[in-house]
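Biologist: Please take one part of this model and go through it closely. I would like to know what sits beside what, and how the pieces are arranged around it.

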Amino acid sequence: MTEEYEIFLGCSIPNRFNNYESSMRTVAEALDIKLLDFDGASCCGTVVLKSIDETSWLSLSGRNIALAESRGHDIVTPCNGCYGSLRDTDHVLHEHEEQRKAVNEILQELNLEYKGEARIRHFVEVLYDLRDKICEKIVRPLTGLRIAFHPGCHLLRPSTVTGFDDPELPRKVDELLELTGAVSVPWSLKLRCCGSPLLIASEEVATRILQEKMESAREANANCVVTNCPACHTQFDVQVLGMKDSEGESLELPALFVTQVLGLAMGLDPERLGLEMNRVSLEPISAILGI
């Protein structure tokens, strides 16, 4: 049975993470997941706007949900930030009649209405439900790959809104990655924020947080970092460049998206997985990845 979703890419993925979008679309195609372009999408609203003007945040995000609903479709997004914003808005509008009424009065001017009928899912949620199908597609086991998996904050919290996995001991995406023959290693700072949101306010603090995360991944003997969040990937694949510990040792580790790892194990074309756009060299694990 073909799964069908409108794909909400958000702002950063089309502009900065073509490797994430391309690998997502390639894996979706291999698994018979139909991704429909999201006509008329705007910014998700982001938690930044929520802190400034909650009604505007609810209206902006509610408009995106109402658009998909008007076409009878569910929504899938590969972006943790968009996922958090859309799920949070859906939760508020579903639970609070007064705010739903206020937003619908605004949407009425656009001939739209929030009804709360569309499902909003992260792409890894969809993949997790297709584990059996993914197992059948694995042709190149990634034996020897030791992954420090970073889920990112908005995939898991607040758990009363996302409800995807245990916020204290998440394992679902780890299970997904281990279908490839890789090992998702336990690491002490796995659930700590990557520091990305602080890049605007204090790059020094964001860098210190990242340094501690990378030291934790190294202590766990990981040979790569994997995430499902574009903002977190910025830290692991860009901000980390040239980073060293107090002894002068490099803290760089190859950084991949979940979709790139799955795609490689499924024998998909590395070019379509966008590997050449990853900034940290993949050379240390190239033999394992088969590239």
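Modeller: Two strands count as paired if DSSP finds at least two bridges between them. Keep in mind that the model is predicted.

Let me start with the sheet. It is an open sheet of four strands. The order is β6-β5-β7-β8, and the pairing is parallel. Which strands stand at the edges? They are β6 (183-184) and β8 (255-257). Each has a single partner strand, so one side of each is left without a neighbour in the sheet.

Now look at β7, which covers residues 224-227. In the order of the sheet, β7 stands between β5 and β8. Take the β5 side to begin with. β5 spans residues 146-150 and pairs with β7 in the parallel sense over four bridges. I147 stands opposite C224. F149 stands opposite V226. On the other side, β7 pairs with β8, also in the parallel sense, over three bridges. There V226 stands opposite L256 of β8. V226 thus has F149 opposite in one pairing and L256 opposite in the other.

Which way do the residues of β7 point? C224 and V226 point one way, while V225 and T227 point the other way. All four are buried. As a rule, side chains in a regular strand alternate between the two faces of the sheet.

Next comes a helix that lies on these strands. α13 (residues 258-265) lies across β5, β7 and β8. It runs at about 80° to β8. α13 also meets another helix, α2 (residues 18-30). Their axes come within 8 Å and cross at roughly 45°. That crossing angle makes α2 oblique to α13. The crossing is left-handed. From α2, the contact takes N19, Y20, S23, M24 and V27. From α13, it takes T259, Q260 and G263. By class, that gives three nonpolar residues, five polar and no charged.

Then there is α12, residues 230-239. This helix is mostly covered, with seven of its ten residues buried. The buried ones are P230, C232, H233, T234, Q235, F236 and D237. α12 packs against α11, which covers residues 203-219. The two axes come within 11 Å and cross at roughly 80°. α11 is therefore roughly perpendicular to α12. On the α11 side, the contact is made by E203, A206, L210, K213 and M214. On the α12 side, Q235, F236 and Q239 take part. Sorted by class, this contact has four nonpolar, two polar and two charged residues.

One residue ties several of these pieces together. H233 lies in α12. Is H233 buried or exposed? It is buried, since its relative accessible area is 2% and the cut-off for buried is under 20%. Leaving out residues up to four places away in sequence, H233 touches F17, N19, T227, V238, A255, L256, F257 and N278. Several of those names have come up already. T227 is part of β7. L256 is the β8 residue opposite V226. N19 is one of the α2 residues that meet α13.

N278 is the last residue to visit. Where is it? It sits in the loop between α13 and α14 (286-289). N278 is buried too, with a relative accessible area of 8%. Beyond its neighbours within four places in sequence, N278 is in contact with N19, H233, D237, A255, L256 and Q260. Compare that list with the one for H233. N19, A255 and L256 are contacts of H233, and N278 is in contact with N19, A255 and L256 as well. Q260, which N278 also contacts, is one of the α13 residues that meet α2. N278 and V261 are 17 residues apart in sequence and 13 Å apart in space, C-alpha to C-alpha.

To recap, follow the path from the sheet outwards. β7 pairs with β5 and with β8. α13 lies across β5, β7 and β8. H233 of α12 touches T227, L256 and N278, among others.

Note on methods: Residues numbered from 1 in each chain as written. Predicted model: local features only at pLDDT ≥ 70, side-chain atom pairs only at ≥ 80, totals over all residues. Heavy atoms only, no water. Axes fitted to C-alpha atoms, helices over the stretch in contact; angles between N-to-C directions. Helix = DSSP H or I, 4+ residues; strand = E, 2+ residues; numbered from the N terminus. Parallel < 35°, antiparallel > 145°, perpendicular 65-115°, else oblique. Contact = heavy atoms within 4.5 Å. Nonpolar A, V, L, I, M, F, W, Y, C, P; charged D, E, K, R; others polar. Left-handed = near helix turned anticlockwise from the far one by under 90°. Buried < 20%, exposed > 50% of the residue type's maximum accessible area, 1.4 Å probe, protein only.
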